[in-house]
Amino acid sequence: MAVDSVLSSPLGPPACEKDAKALRFIEEMTRNADVIQEKVLAEILTRNGQTEYLQRFKLGGFTDRLTFKSEIPVITYDDLQPEIQRIANGDRSHILSALPISEFLTSSGTSAGERKLMPTIKEELDRRQLLYSLLMPVMNLYVPGLDKGKGLYFLFVKSETKTPGGLLARPVLTSYYKSNHFKTRPYDPYNVYTSPNEAILCPDSFQSMYAQMLCGLYEREQVLRVGAVFASGLLRAIRFLNLNWKQLTHDIRTGSLNPRVTDPLVRECVARILRPDPELADFVANECAKESWERIITRIWPNTKYLDVIVTGAMAQYIPTLDYYSGGLPKACTMYASSECYFGLNLNPMSKPSEVSYTIMPNMAYFEFLPHDPNSPGFTRDSPPKLVDLADVEIGKEYELVITTYAGLYRYRVGDILRVTGFHNSAPQFRFVRRKNVLLSIDADKTDEAELQKAVENASQLLREYNTSVVEYTSFADAKTIPGHYVIYWELMVKDAAHSPSDEVLNRCCLAMEESLNSVYRQGRVADNSIGPLEIRVVKSGTFEELMDYAISRGASINQYKVPRCVSFTPIVELLDSRVVSVHFSPSLPRWTPERRR
Ligand code: AMP
């Protein structure tokens with residue numbers, strides 16, 4: 001219930017004193033966005049002014065924006081690769097940051113086929129925690145009573161490795177779940193999960209998911225929200241239930257735990273809630289055995305008020321499937337974050353996915369915005385870009401996000417394109433438009449055009465002995481299967497029809513493409529089971545010409561026409577599908593190990 005007006009905030013009456021404090025903090029930060037940004041930059045430059053990286057430029061001890069912008073170059077990950085490699089190899093000198101690099105966060109963005117390594121420092125955990133602490137106070141403004149039940153969240157840790165110099169390299173969420181910030185978080189009635197920490201922290205994804213699902217089923221009446229980080233993760237959980245409900249209901253019926261769950265800590269924590277409950281088992285089995293799984297989420301967890309999953313950006317493709325399984329429950333996209341830095345939160349989390357805007361919190365880092373004009377030729381050393389400050393962006397314009405962080409990234413291009421939709425006080429709000437250069441994405445994987453091209457080239461080597469070549473190709477992220485998978489349309493030129501490639505050869509081409517794709521893709525296939533086998537659909541010869549005719553009929557210029565390397569527009573996908581002559585799938589998993597190839 002809302003507390004008295006003394007606590008009230010411009011965002012709405014807070015649910016409790018703790019929330020009031022968080023909302024006041026948001027107000028303070030967003031009212032003074034520009035001043036805070038100036039302070040953040042000065043703090044970063046004062047602290048890190050003596051680092052090797054900043055010493056290369058002529059800051060002369062100045063920490064103001066003007067000097068910073070005139071002296072420090074705007075860079076990408078590849079520009080920083082030599083410094084990152086030295087840190088990874090064990091150089092502990094102050095290369096990027098005056099504070100020790102505590103670990104590397106492995107981004108789902110890749111460079112040369114491997115995850116990018118983002119250096120971080122211990123105190124960044126506090127900054128991330130601070131952003132997390134603002135999410136429920138905002139949510140409580142829109143959804144009352146969340147302290148009366150629990151959240152069923154499917155959360156996972158992933159494998160971690162060590163760099164040659166001994167630093168841990170792991171995804172940012174794995175780092176967070178394994179931290180004391182998460183493990184020993186104080187009890188908060190508004191943020192109680194059905195998943196025990198031990199289940200979340202279990203490195204085996206089957207055992208972890210099994211235990212989290214079982215606990216979620218036992219507490220089905222208490223569950224008020226169901227979530228995962230990304231939409232793809234929640235769909236994977238539903239698929240898991242689909243595949244495993246018989247065993248799960250057997251466990252519930254008998255009060256015994258599936259022997260495939262062997263992790264002693266997981267067994268112990270599940271034992272605390274396990275009890276024979278034939279009535280619950282019958283109920284779940286009955287729902288799961290029905291042919292239609294429409295509204296399965298609300299049938300099994302009837303008190304669910306919303307889904308907590310990111311459905312913006314590449315995840316928008318899963319909205320129809322989530323709506324099917326949840327009967328159109330609201331989908332809350334609460335935050336916008338990355339391995340480099342956590343950026344901000346959605347102050348109106350119950351808004352429709354197409355209207356979601358994120359407010360960047362000015363205390364997280366120093367933010368700049370590179371005006372994004374898809375038609376401009378880009379910039380060179382002689383014509384450096386004019387970057388705009390957080391408080392100065394203009395409504396309706398698109399920008400690429402550039403960050404300067406406490407951990408030692410300076411004017412670093414994140415690669416996300418954002419559109420300004422409005423302001424909360426003096427802090428702008430952004431719609432996530434897209435990530436640059438991403439052609440295909442199913443889960444965390446991001447495949448660009450060059451990677452796809454290379455994969456097609458490598459796979460088509462297998463066709464050589466059949467005197468066959470790939471004359472044209474395009475791709476499609478098929479989000480209708482669970483997990484989703486890549487579909488590659490191939491138009492082939494078969495010179496000797498009597499000796500054309502067999503089904504088995506084309507299956508091997510699928511695998512060869514997967515072998516060529518980056519490590520995040522292969523991890524999704526092998527370890528996370530979040531991406532299904534790659535599919536090649538061979539289309540009739542002449543199909544790509546028809547595709548061009550179609551584009552031209554819709555106004556494309558014949559001189560400038562280029563085959564799109566990825567399609568999503570339904571009529572085009574339908575046209576391609578209507579010309580398919582054979583379908584092939586990857587027959588096995590590509591190679592993947594947690595170790596980096598370089
Ligand atoms: P990673 O570096 O693997 O943590 O991925 C971070 C990237 O995920 C961001 O730079 C965005 O491209 C994407 N991302 C994160 N949060 C969101 C969001 N709320 N909506 C859309 N895309 C997001």
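## Composition of the ligand shell

In this predicted model, the shell around the ligand consists of seven nonpolar, six polar and three charged residues. Altogether, 16 residues surround the ligand. Ser 108, Thr 312, Met 335, Tyr 358 and Asp 416 are the closest of these.

Several strands contribute to this shell. At least two residues each come from strand 1 (103–111), strand 9 (335–337), strand 15 (412–424) and strand 16 (427–435). Strand 9 provides the largest share, with three residues.

## Polar contacts and burial of the ligand

Three side chains place polar atoms at short listed distances from ligand oxygen atoms. For Ser 108, a polar side-chain atom lies 2.5 Å from an oxygen atom of the ligand. In the case of Asp 416, a side-chain N or O atom is 2.7 Å from a ligand oxygen atom. The corresponding distance for the side chain of Ser 339 is 2.9 Å, again between an N or O atom and an oxygen atom of the ligand.

The ligand taken alone exposes 500 Å², and the protein buries 89% of that area.

## Packing of helix 10 and helix 11

Apart from the ligand shell, the geometry of one helix pair can be described. Helix 10 spans residues 205–218 and helix 11 spans residues 231–254. Their axes come within 9 Å and cross at roughly 70°. An angle of 65 to 115 degrees counts as roughly perpendicular, and helix 10 and helix 11 are therefore roughly perpendicular to each other. The crossing of the two helices is right-handed.

Note on methods:
Residues are numbered from 1 along each chain as its sequence is written. This is a predicted model: local features need pLDDT of at least 70, side-chain atom pairs count only at pLDDT 80 or more; totals for chains, interfaces and linings use all residues. Side-chain values use heavy atoms; hydrogens and water are left out. A residue is near a molecule or strand if one of its heavy atoms lies within 4 Å of it. A polar contact is a pair of N or O atoms within 3.5 Å; within protein, one must be able to donate a hydrogen and the other to accept it, and residues adjacent in sequence count only if both atoms are side-chain atoms. Accessible areas come from the Shrake-Rupley method with a 1.4 Å probe; for residues, only the protein chains shown count as cover. Helices (H or I, at least four residues) and strands (E, at least two) are DSSP runs, numbered from the N terminus. Ala, Val, Leu, Ile, Met, Phe, Trp, Tyr, Cys and Pro count as nonpolar, Asp, Glu, Lys and Arg as charged, and the others, Gly among them, as polar. Axes are lines fitted to C-alpha atoms, for helices over the stretch in contact, and angles run from 0 to 180 degrees between N-to-C directions. Angles under 35 degrees count as roughly parallel, over 145 as roughly antiparallel, 65 to 115 as roughly perpendicular and the rest as oblique. A crossing is left-handed if the near helix is turned anticlockwise from the far one by less than a right angle, and right-handed if clockwise.
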